[in-house]
Amino acid sequence: MTRFCAFALFVLALAPGPACADSARIAVAANFRTVLAALQPVFETETGHDITVVSGSTGKLYAQIVNGAPFDVFLAADQARPLRLEADGRAAGRFTYAVGRLVLWDPAGVAVGPDRLRSGEDRRLAMANPDLAPYGAAAAEVLAALGLVDRTHPKKVLGENIGQAFAFVQTGNAEIGFVALSQMLSSPAAGAGAYWTPPQKLYTPIRQDAVLLARAADNPAAAAFMAFLQGARAQALIEDHGYGRE
């Protein structure tokens with residue numbers, strides 16, 4: 001740490017506002033990208049730090065981190081991969097920042113639910129790839145719990161991540177699809193659309209964990225972002241976007 005930054009940290013304890021700005025690279029799961037876009041200016045204004053955001057499927061981002069990608073914080077869409085990073089000594093801190101909610105959505109506003117899935121009236125059912133994305137795994141659990149795996153299999157259109165699955169429905173390439181509640185609420189079609197929220201008992205809760213990666217253990221911007229994410233202002237905004245709390 002330079003003498004300037006050391007002095008700045010001392011001043012920070014005496015006066016409001018950032019004294020020494022740093023930057024951090026944030027890897028974020030596709031389902032949380034819109035929320036992070038809303039959080040980013042608040043964080044940067046409050047702290048003076050800058051963040052660079054890279055979005056993708058949790059599976060692909062995890063693979064990039066394991067292979068040395070220079071990320072400082074990982075906002076996953078699940079808990080399993082952050083736990084693996086922790087077990088492998090790649091994490092310097094971890095906590096659940098949001099609990100995702102799955103919905104079955106029709107932007108056209110036609111009623112959706114188990115009966116519609118059983119009817120077979122739709123040509124395509126969008127969902128994220130269960131092998132790559134936690135929301136896809138949750139959707140697969142719902143279909144299995146309803147006994148509709150075989151019936152819906154020919155209709156499935158798999159997105160690489162929940163963002164792509166959402167795009168399939170939003171653009172009409174699939175009539176209905178399993179998406180994140182947060183995505184549906186942020187869509188212009190949300191007011192006219194119809195959605196069904198599967199009971200939590202039908203799928204494993206989508207606990208989304210944030211990881212401070214070991215390479216960023218001494219990065220003030222990364223540490224500040226992790227603290228900001230747990231604060232009341234960030235948590236309120238996260239809830240407003242359709243997520244639950246741990």
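Okay, let's start at Tyr-243, which sits in the segment after helix H11, the helix running 232–240. One thing up front: this is a predicted model.

So, is Tyr-243 buried or exposed? It's buried, because its relative accessible area is 1% and the cut-off for buried is under 20%. And who does Tyr-243 touch, leaving aside neighbours within four places in sequence? Quite a list: Asn-31, Phe-32 and Val-35, then Ala-98, Val-99, Gly-100 and Arg-101, and also Tyr-135, Ser-182, Gln-208 and Ile-238. Gly-89, on the other hand, is 154 residues away along the chain from Tyr-243, and the two C-alpha atoms are 29 Å apart.

Let me pick Phe-32 out of that list. Not counting residues up to four places away in sequence, Phe-32 touches Tyr-243, as you'd guess from what I just said, plus Leu-39, Leu-75, Tyr-97, Gln-208 and Ile-238. Phe-32 is also one of the residues with the most contacts inside the largest nonpolar core, together with Leu-36, Leu-75, Phe-178 and Phe-225. That core has 55 residues. Which helix gives the most to it? That would be H10, residues 220–229, with six residues. There's also a second, separate core of eleven residues, and among them are Leu-61, Ala-69, Phe-71 and Val-211.

Next, Thr-96. You'll find Thr-96 in strand E4, residues 91–100. Beyond four places in sequence, Thr-96 is in touch with Gln-79, Arg-207, Gln-208, Asp-209 and Glu-246. Gln-208 came up a moment ago as well, as a contact of Tyr-243. If you want a far-off reference point, take Ser-187: 91 residues from Thr-96 along the chain, with 25 Å between their C-alpha atoms.

Now for the empty space. Rolling a probe the size of a water molecule over the atoms shows where it is left. The largest pocket comes out at about 230 Å³. Its lining has 17 residues, and Asp-78, Gln-79, Pro-134, Ala-137 and Pro-205 lie nearest the centre. Which elements supply at least two lining residues each? Helix H4 (80–87), helix H6 (134–145) and strand E10 (206–213). H6 gives the most, with four residues. By class, the pocket lining is nine nonpolar, two polar and six charged.

Then the closed spaces. How many cavities of 30 Å³ or more are there? Two. The largest cavity holds about 70 Å³, and its lining includes Arg-116, Glu-121, Asp-122, Arg-124 and Lys-155, along with Leu-117, Leu-125 and Ile-176. Sorted by class, that lining gives five charged, three nonpolar and two polar residues.

The second largest cavity is about 50 Å³. Asn-31 and Tyr-135 are in its lining, as are Pro-134 and Asn-161, among others. Here the split is seven nonpolar, five polar and no charged. Two names should ring a bell: Asn-31 and Tyr-135 are both contacts of Tyr-243, and Pro-134 is one of the residues nearest the centre of the largest pocket.

Last, a word on confidence. Mean pLDDT for the chain is 90, with 92% of its residues at 70 or more. Where does pLDDT stay under 50? Over residues 1–19, and there the model has twelve contacts beyond four places in sequence. Where pLDDT is low, the predicted coordinates should not be read in detail. That's it from me.

Key
Residues numbered from 1 in each chain as written. Predicted model: local features only at pLDDT ≥ 70, side-chain atom pairs only at ≥ 80, totals over all residues. Heavy atoms only, no water. Core = buried A, V, L, I, M, F, W, Y, C linked by side-chain atoms within 4.5 Å. Buried < 20%, exposed > 50% of the residue type's maximum accessible area, 1.4 Å probe, protein only. Contact = heavy atoms within 4.5 Å. 1 Å grid on protein atoms, 1.4 Å probe; cavity = no way out; pocket = protein on both sides within 12 Å on 5 of 7 lines; lining within 4 Å. Points joined across faces, edges and corners; volume = space filled by probe spheres on them. Nonpolar A, V, L, I, M, F, W, Y, C, P; charged D, E, K, R; others polar. pLDDT = per-residue confidence, 0-100.
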